[in-house]
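Hello,

Here is the structure I said I would pass on. My notes follow it; please read them with the model open.

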Amino acid sequence: MFQRTRRLRSSAILREMLQNVHLSLQDLIYPIFVEEGENKKEEISSMPGQYRYSIDRLPELLENCRELGIKALLLFGIPNHKDEVGSEAYHSHGIVQKALQFIKENYGDQFLLITDVCMCEYTSHGHCGILHEKEVDNDTTLQFLSKIALSHAQAGADIVAPSDMMDGRVQAIRATLDENGFSYIPIMAYSVKYASSFYGPFRDAADSAPSFGDRKSYQMDFQNDKEFYQEVLSDMEEGADFIMVKPGMPYLDVLHAVKERISLPLVSYQVSGEYSMIKAAALQGWIDEKKIVLESILAFKRAGADLIITYYALEIAAWLKENRK
């Protein structure tokens, strides 16, 4: 048996024929950062190769996405004004709302637009909800998250993705969308989101670091291996249409365990810290960037991810296109 396996692996053609984990463009979701202002394309210092765009500079990015075949985008907004209740998150003139309208008006349905529903980028304190005596008030926050999701749907979002980790937010958002004629808008729930140090570069990109304390009271403890399925089950019962596990590579065990227990589409997020570590090592010439990235993305697929959110989506698309030639 050992000799037979070794002979099968000895041929590159045979290896390709026997490959049972595959990656396609349809698996990829590209996160983009949109900020207020004009003529802005600012590289994110902690995420080389990633940028914050003003709306008028979005076409150059969108044309590149279209050329490479990337069709699913996850939008994050960076407002000029922040306050205690994150009011720019749910106003019709908010940065995400304006970006949605711009893309829909100029590109129609060429892109699937997913929006991050959270408050951390919009609050003056950087936490993901409304504060009461320096603690996040879960139930009050649900009302604001529902307003944000509704404003995104009204502006043209195809999917809303609550990332705040408040208890009951999927149910609250689902009810609000349904009551306002948006029952067809799916919810991509950040169901398993750990209180991770891998988010550091994102907080730089989105100006969303908390001004005090941390988010451990509402994000999950990575030292607990029992909690995740209850979070998944709750979101499914509340009406989630997609389940997400975040971060990616450090939580492949959780991703695989969730895949074995659910039938909903499963999403993995290769987060900013994962991207930046690979990119930094590649810039130093210590690793083969293409090989490392593709190996890591295929690991997500092997563990059970149906969709992968990754800042490497454009590079992966270019590599896949190159392989097809």
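**Annotated cysteines and the cavity**

The unreviewed UniProt entry carries a "binding site" annotation on Cys118, Cys120 and Cys128. Please keep in mind that this is a predicted model.

Where do these residues sit with respect to the largest cavity? Cys118, Cys120 and Cys128 are each part of its lining.

On the cavity itself: the structure has one of 30 Å³ or more, and the volume of the largest cavity is about 150 Å³. Its lining is made up of 18 residues, and those closest to the centre are Cys120, Lys193, Tyr199, Phe202 and Lys246. Cys120 therefore appears both under the annotation and among the residues closest to the cavity centre, and it is buried, at a relative accessible area of 7%. Sorted by class, the lining comprises nine nonpolar, six charged and three polar residues.

Two of the annotated cysteines can be placed on the chain. Cys118 belongs to the loop that runs between strand 5 (112–117) and strand 6 (131–132). Cys120 is in the loop between strand 5 and strand 6 as well.

Is Cys118 buried or exposed? Its relative accessible area is 1%, so Cys118 counts as buried, the cut-off being under 20%. Beyond its neighbours within four places in sequence, Cys118 makes contact with Cys128, which is also annotated. The other contacts of Cys118 outside that range are Ala89, Leu145, Ile148, Ser163 and Asp164.

Regards

Methods: Residues are numbered from 1 along each chain as its sequence is written. This is a predicted model: local features need pLDDT of at least 70, side-chain atom pairs count only at pLDDT 80 or more; totals for chains, interfaces and linings use all residues. Side-chain values use heavy atoms; hydrogens and water are left out. On a 1 Å grid over the protein atoms alone, a cavity is a set of points where a 1.4 Å probe fits but cannot get out, and a pocket is an open set with protein on both sides within 12 Å along at least five of seven lines; lining residues have an atom within 4 Å of a point. Grid points are joined across faces, edges and corners, and a volume is the space filled by probe spheres set on the points. Ala, Val, Leu, Ile, Met, Phe, Trp, Tyr, Cys and Pro count as nonpolar, Asp, Glu, Lys and Arg as charged, and the others, Gly among them, as polar. UniProt positions are given in the numbering used here, feature names are shortened, and annotations may be inferred rather than shown by experiment. Helices (H or I, at least four residues) and strands (E, at least two) are DSSP runs, numbered from the N terminus. Buried means under 20% relative accessible area, exposed over 50%, partly exposed in between (1.4 Å probe, protein chains only). Contact means heavy atoms within 4.5 Å.
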